[in-house]
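Below are my comments on the model, set out as numbered points. They start with the core and end with individual loop positions.

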Amino acid sequence: PPGNHRTLKAERAIRTWKEHFTSLLGTTDPSFPLHIAHELIPLGILTLNSLRRSPHHPSLSAWTQLFGVYDFLRSPIGIAGCKVYAHEKPDARGSWAPHGVHGYYLGPARDHYRCHRVFVARTRRIRVV
């Protein structure tokens, strides 16, 4: 019926995405800088499509249907927005300096083997570690 958008698949998909992303933001650390919340979108898409069934093959996830089986050993997934300690390479620090910097987890770096995307608070940049 006109004006009733609850039955549309697109409306339901938008509502599901909004609820999923809101819950993703709700699990971040209280000191997580919200101006980089858009950097969590790829992780939200990955987790949501891993949970949803494929409409064409109900025994597969939507992610598997679109991109193939996700290899969790190659690209592990952590908790969105949690505080992390990113390693500093020895040539980038002093001999008695701390071996890492504080940052926030943004998701897996899928183009790199077993690496993660981290927002480093001190430099205000995203780093692959």
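1. In this predicted model, the largest nonpolar core is made up of 14 residues. Phe-32, Leu-40 and Leu-106 are the members with the most contacts inside it. Three elements each supply two or more residues to this core: α1 (9-26), α2 (41-51) and β2 (100-108). The top contributor is β2, which provides three residues. As background, nonpolar side chains tend to be buried together in soluble globular proteins.

2. Leu-106 deserves a separate look. With neighbours within four places in sequence left aside, Leu-106 is in contact with Phe-32, Ile-36, Glu-39, Leu-40 and Leu-43, and also with Arg-117, Val-118, Phe-119 and Ile-126. Two of these partners, Phe-32 and Leu-40, are named with Leu-106 among the residues with the most contacts inside the core.

3. What does α2 bury, and against what? The buried residues of α2 are Leu-43, Gly-44, Leu-46, Leu-48 and Asn-49. They pack against α1, α3 and β2. Leu-43 also appears in the contact list of Leu-106.

4. Glu-39 is a charged residue to check. Its place is in the loop between α1 and α2. Glu-39 counts as buried because its relative accessibility is 19%, and the cut-off for buried is under 20%. Not counting residues up to four places away in sequence, Glu-39 touches Leu-106, Arg-117 and Ile-126. Another glutamate, Glu-19, is 20 residues from Glu-39 in sequence, and the C-alpha atoms of the two are 17 Å apart.

5. On the overall fold, the chain contains three helices and four strands. Read from the N terminus, the order of elements is α-α-α-β-β-β-β. The radius of gyration is 18 Å, whereas the globule rule gives 14 Å for 129 residues, so the chain is more spread out than a compact globule. The C-alpha trace spans about 70 × 30 × 15 Å along its principal axes.

6. Some chain-wide totals follow. Of the 129 residues, 32% count as buried. The accessible surface comes to about 9,000 Å², and carbon and sulfur atoms account for 60% of that. If contacts are restricted to residues at least 6 apart in sequence, 43% of them join residues at least 24 apart. For charge, there are 18 positive and 8 negative side chains, with the centres of the two sets 4 Å apart.

7. Two glycines lie in the loop between α3 (62-67) and β1 (83-87): Gly-68 and Gly-78. Are they buried or exposed? Gly-68 counts as partly exposed, at 25% relative accessibility. Gly-78 is also partly exposed, with a relative accessible area of 31%. For Gly-68, the C-alpha distance to Pro-30 is 35 Å, with the two positions 38 residues apart along the chain counted as their separation. For Gly-78, the C-alpha distance to Pro-42 is 13 Å, at a separation of 36 residues.

8. Which residues other than glycine have a positive phi? Arg-114 is one of them, with phi near 55°. Arg-114 is found in the loop between β2 and β3 (116-120) and counts as partly exposed, at 42% relative accessibility. Arg-124 is another, with a phi of about 60°. The place of Arg-124 is in the loop between β3 and β4 (125-128). Arg-124 counts as exposed because its relative accessibility is 53%, and the cut-off for exposed is over 50%.

9. Arg-122 is also found in the loop between β3 and β4. At 59% relative accessibility, Arg-122 counts as exposed. Arg-122 nevertheless touches Glu-88 and Val-101, not counting residues up to four places away in sequence. Leu-46, one of the buried residues of α2, is 76 residues from Arg-122 in sequence and 28 Å from it in space, C-alpha to C-alpha.

Key: Residues are numbered from 1 along each chain as its sequence is written. This is a predicted model: local features need pLDDT of at least 70, side-chain atom pairs count only at pLDDT 80 or more; totals for chains, interfaces and linings use all residues. Side-chain values use heavy atoms; hydrogens and water are left out. Buried means under 20% relative accessible area, exposed over 50%, partly exposed in between (1.4 Å probe, protein chains only). A nonpolar core is a set of buried Ala, Val, Leu, Ile, Met, Phe, Trp, Tyr and Cys residues joined through side-chain atoms within 4.5 Å. Contact means heavy atoms within 4.5 Å. The radius of gyration is taken over C-alpha atoms; the globule rule is 2.2 Å times the number of residues to the power 0.38. Accessible areas come from the Shrake-Rupley method with a 1.4 Å probe; for residues, only the protein chains shown count as cover. Lys and Arg count as positive and Asp and Glu as negative; His and the chain ends are not counted. The place of a charge is taken as NZ of Lys, CZ of Arg, CG of Asp or CD of Glu.
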